[in-house]
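Student: I would like a close look at one part of this model, the pockets and the helices around them. Please take me through it step by step.

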Amino acid sequence: MSSTGRQRRRGDTRQRIQDVALELFAEQGYEKTSLREIAERLEVTKAALYYHFKTKEDILTSIFDDLTRPIDELIVWGGEQPRTLETKRAILTRYSEILTEAAPLFRFMQENQATMRDLKTGESFKDRMLQLLEILNHDDPSTPMTAQVRCFSALFTMHGGMFVLKGADGDPEEKRKAILEVAIDLVTQAHNGV
């Protein structure tokens with residue numbers, strides 16, 4: 001078998017482990033899920049699981065790194081753009097798409113806030129949110145407090161809306177667009193000094 005074939009299979013196994021672990025973390029909570037249970041759900045030995053990940057935190061960190069890479073790319077992109085309203089709208093639009101793609105991770109984070117505070121991934125995510133907020137606030141500490149609150153509220157609306165509207169009737173894409181529209185309204189008001 002070629003090395004590419006082995007790498008692909010290993011990548012598929014790694015992805016399966018991440019998917020099953022996140023599923024179990026969501027069902028039972030992070031603290032109540034063991035590596036043994038993850039291995040059993042995957043129908044592999046614990047040794048096979050250990051080949052890829054030594055701890056639950058290693059699994060969670062890998063999930064977090066994979067699903068937040070687009071946020072890092074967005075932060076870099078946003079930092080290179082002019083501080084226009086158009087840029088801010090583009091940041092929120094792209095962030096909305098990222099949240100949709102990484103919904104299982106963000107659900108886990110919402111439902112396991114105490115665990116996230118204790119893990120290094122929680123602090124890392126907080127740093128990312130602060131970087132996005134700085135970009136939305138023009139990197140300017142003299143931005144009026146009401147504008148800062150609106151920008152913070154826009155990000156919070158996107159996160160909170162995803163969870164609150166999860167069980168609401170309606171098309172998921174329609175809900176995503178409605179949440180995005182409210183977030184953009186808040187940032188527009190902040191930008192225009194309304």
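**A close look at the pockets and their helices**

Tutor: At 47% relative accessibility, F152 counts as partly exposed. The model is a predicted one. F156 reaches 55% relative accessibility, so it counts as exposed. Both residues sit in helix α9, residues 145–164, and they are four residues apart, which means a separation of about one helical turn.

Now the rings. A pair of aromatic rings is described by the distance of the centres and the angle of the planes. A search of the whole structure gives three aromatic pairs. F152 and F156 form one that is stacked, with 6.3 Å centre to centre and 20° between the planes.

Next, the pockets. Rolling a probe the size of a water molecule over the atoms shows where empty space is left. The largest pocket has a volume of about 680 Å³. Its lining counts 19 residues, and M109, F125, K126, M129 and H159 are the closest to its centre. Four elements give two or more residues to this lining: α6 (103–111), α7 (113–118), α8 (120–136) and α9. The most comes from α8, with seven residues. By class, the lining of the largest pocket splits into eleven nonpolar, five polar and three charged residues.

The second largest pocket has a volume of about 320 Å³. It is lined by 16 residues, of which T100, M162, P172, R176 and I179 are the closest to its centre. At least two residues each come from α5 (85–101), α6, α9 and α10. Helix α10 supplies the largest share of this lining, five residues. The classes here are eight nonpolar, three polar and five charged residues.

Helix α9 therefore belongs to both accounts: it gives two or more residues to the lining of the largest pocket, and at least two to that of the second largest, while also holding the F152 and F156 pair. Helix α6 is likewise named for the largest pocket and for the second largest.

Stay with α10 for a moment. This helix covers residues 172–192 and includes Q189. Q189 has 29% relative accessibility, so it counts as partly exposed. L85 is 104 residues from Q189 in sequence, yet their C-alpha atoms are 10.0 Å apart in space.

Two charged side chains also lie over rings. K56 is placed over the face of Y30, 4.5 Å from the ring centre. R94 does the like with W77, at 4.6 Å from the ring centre.

Last, the segment that carries an annotation. An unreviewed UniProt entry lists residues 34–53 as "DNA-binding region". The chain is 75% helix and 0% strand over residues 34–53, with the end C-alpha atoms 13 Å apart. The loop between α2 (35–42) and α3 (46–52) holds E43. Most residues other than glycine have a negative phi. E43 is not a glycine, yet its phi is positive, about 60°. Its relative accessibility is 74%, so E43 counts as exposed.

How values were computed: Residues are numbered from 1 along each chain as its sequence is written. This is a predicted model: local features need pLDDT of at least 70, side-chain atom pairs count only at pLDDT 80 or more; totals for chains, interfaces and linings use all residues. Side-chain values use heavy atoms; hydrogens and water are left out. Buried means under 20% relative accessible area, exposed over 50%, partly exposed in between (1.4 Å probe, protein chains only). Rings of Phe, Tyr and Trp (its six-membered ring) pair if their centres lie within 6.5 Å; planes under 30 degrees apart count as stacked, over 60 as edge-to-face and the rest as tilted. A charge sits over a ring if NZ of Lys or CZ of Arg is within 6 Å of the ring centre and within 35 degrees of the ring normal. On a 1 Å grid over the protein atoms alone, a cavity is a set of points where a 1.4 Å probe fits but cannot get out, and a pocket is an open set with protein on both sides within 12 Å along at least five of seven lines; lining residues have an atom within 4 Å of a point. Grid points are joined across faces, edges and corners, and a volume is the space filled by probe spheres set on the points. Ala, Val, Leu, Ile, Met, Phe, Trp, Tyr, Cys and Pro count as nonpolar, Asp, Glu, Lys and Arg as charged, and the others, Gly among them, as polar. UniProt positions are given in the numbering used here, feature names are shortened, and annotations may be inferred rather than shown by experiment.
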